[in-house]
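Reader: I am in my first year, and I would like to understand how labels such as buried or salt bridge are earned. Could you take me through some of them, one step at a time?

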Amino acid sequence: MVSASMLAAMKRVFLQPLLVFILFTNAVALSAAEVSQEPIKINTVVIPSRNHTRMQPEIFYAFRTAAKEFTPDLKFNFTLFNPFQAKFTGKTKEEQEALLDLLQHCVPEVVEIKKADPQTDTLLQDIHAYIEKNPDSSLAETYNGIYEFMEPYQFLIIESSDTYGAHPMFYKPGVTEIETPDGAIDKDIIETIYGLFFIDAAFAQDKMVWGTCHGSQIGYIHAGGHLGRLFDFKEGGHGDVELKISKGTGCPIPEETWRIGKHLYTQDKGSDYKDYKIVAYEVPAEYAEGKDVSGMYINKDFQHSLALVEPIPQTLEVISYHPLSNYNEKVEKGEAVASEYFSEVLKDQKIVDAYKYKNMVGTQYHPQYTYDDLDTYIFFEYLVDQLHDRYAPKSTSSSLPHGPVRDRTGQ
């Protein structure tokens, strides 16, 4: 028979380990909870226009605001890449000058490659082949340097540009000269080179990319697409000819006014200034991600003369088309009224304004300018949600091992 004192002793023997186990389990759970509350860091490379020493504050605001939707918050850390500016993040002035010198040495190599096959419209593929055959070339050294630069980061942003843009040598057959009649120069070749190489690196390392305006054009070229003029270049512009488009029932903007001066842009009816808040279109299903977006609208602004035109690359998924894509159909249906000269000037063609391409989203418009207008914020919540899903299990991203160039192009 077991006495009361023996039973009490036996209980202590069994309960003490159980108590230790419970306390240990709770401590581990508490520790895990504390760890889970740490912000998820999204280290981001931002490529601005070569004329700017900082990223666009609208982009900074948009991602910081959208990230607050998550608990714990995502924390975006932004690093600028602009070899044309003296204050280059993470590099001394001497290192930056060496990088820019290296990029300048890439220009004659690009010209040599294009002149060897002047009718090509996929120059990037020829550049990849050249790097394979010439591992000591300036292009190869630049490529490898950008690959290494991208390794510690999780996200790449290529901003809009206030320069000519991507050099036509990269997408237009027959262009073999550095300076073109409509204004392209050697710096445009350099800007295009490092934009394309950064996308190469991001794809090879399975990183996300967002390109807006110029950035979307760089991604479109990377996919094998062409840029085309919406209207022929004319010194001094076209005299502000216009097109008026009536919007559908329920749209908060009943009418758009499109004008052509030196660029294509939207304008409020009767106003004397360009307006970034006028073009309202239904939220694309891609951005919804299961949410009910019926009756929700985003703003799209456009001020450009080059666009993402046909043929549309098969590797690319179109999210939405430009408002003036095949605009003649709108005119024929009575949905738009164009002045006679507008119809003569604007080219009637299929135009992409947003797309998905591998790990990249490209927007020809600038949603960052109108984050708080209508429901435009939903675009950034869409990007942040993808980043959260990708990086929530871990706070840092491991670097991938180096491989031969052909395995690192993302092609």
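**Labels and the values behind them**

Author: Let us begin with Lys291, which counts as partly exposed because its relative accessibility is 42%, and a value between the 20% and 50% cut-offs receives that label. Please keep in mind throughout that this is a predicted model.

Reader: Why is Glu381 called buried?

Author: The relative accessibility of Glu381 is 15%, and buried means under 20%, so Glu381 falls on the buried side of the cut-off.

Reader: What makes Lys291 and Glu381 a salt bridge?

Author: The closest N and O atoms of Lys291 and Glu381 are 3.4 Å apart, and the rule asks for a side-chain nitrogen of Lys or Arg within 4 Å of a carboxyl oxygen of Asp or Glu, so the pair qualifies. Lys291 lies in the loop between H8 and strand E10 (297–299), while Glu381 lies in helix H11 (residues 377–391), so this bridge ties together parts that are 90 residues apart in sequence.

Reader: Which residues are joined into one network by salt bridges that share partners?

Author: They are Arg50, Asp188 and Glu191, and the structure as a whole holds 11 salt bridges.

Reader: What makes Glu286 and Lys356 a salt bridge, and how exposed are the two residues?

Author: Their side chains meet at 3.3 Å, N to O, which is within the 4 Å limit, and therefore the name applies. Glu286 has a relative accessibility of 21% and Lys356 one of 24%, so each counts as partly exposed, the lower cut-off being 20%.

Reader: Where in the chain do Glu286 and Lys356 lie?

Author: Glu286 is in helix H8 (residues 285–288) and Lys356 is in strand E15 (residues 351–357), so that, at 70 residues apart, the pair links distant parts of the chain.

Reader: Why are Glu242 and Lys244 called partly exposed?

Author: Glu242 has a relative accessibility of 24%, and Lys244 likewise has a relative accessible area of 24%; the label covers values between 20% and 50%, so it fits both residues. Their side chains also meet in a salt bridge, at 3.5 Å from N to O.

Reader: How do you know that Lys114 has no salt bridge?

Author: The nearest side chain of opposite charge, that of Asp126, is 8.1 Å away from Lys114, whereas a salt bridge must come within 4 Å, so the buried Lys114 is left without one. Lys114 lies in helix H3 (residues 93–116), and, leaving aside neighbours within four places in sequence, its contacts include Thr120, Leu123, Met169 and Lys172.

Reader: What lines the second largest pocket?

Author: That pocket has a volume of about 290 Å³. Of its 14 lining residues, those closest to the centre are Pro168, Tyr171, Lys172, Asp182 and Arg229. The lining divides into eight nonpolar, two polar and four charged residues, and strand E5 (226–229) is among the elements that supply at least two of them.

Reader: And which residues lie nearest the centre of the largest pocket?

Author: They are Ser161, Asp162, Thr163, His263 and Gln303, out of 36 lining residues. The volume of the largest pocket is about 830 Å³, and its lining has eight nonpolar, 18 polar and 10 charged residues. Helix H7 (214–222) and strand E11 (303–304) each supply at least two residues of that lining.

Technical notes
Residues numbered from 1 in each chain as written. Predicted model: local features only at pLDDT ≥ 70, side-chain atom pairs only at ≥ 80, totals over all residues. Heavy atoms only, no water. Helix = DSSP H or I, 4+ residues; strand = E, 2+ residues; numbered from the N terminus. Buried < 20%, exposed > 50% of the residue type's maximum accessible area, 1.4 Å probe, protein only. Lys, Arg positive; Asp, Glu negative; His and termini not counted. Contact = heavy atoms within 4.5 Å. 1 Å grid on protein atoms, 1.4 Å probe; cavity = no way out; pocket = protein on both sides within 12 Å on 5 of 7 lines; lining within 4 Å. Points joined across faces, edges and corners; volume = space filled by probe spheres on them. Nonpolar A, V, L, I, M, F, W, Y, C, P; charged D, E, K, R; others polar.
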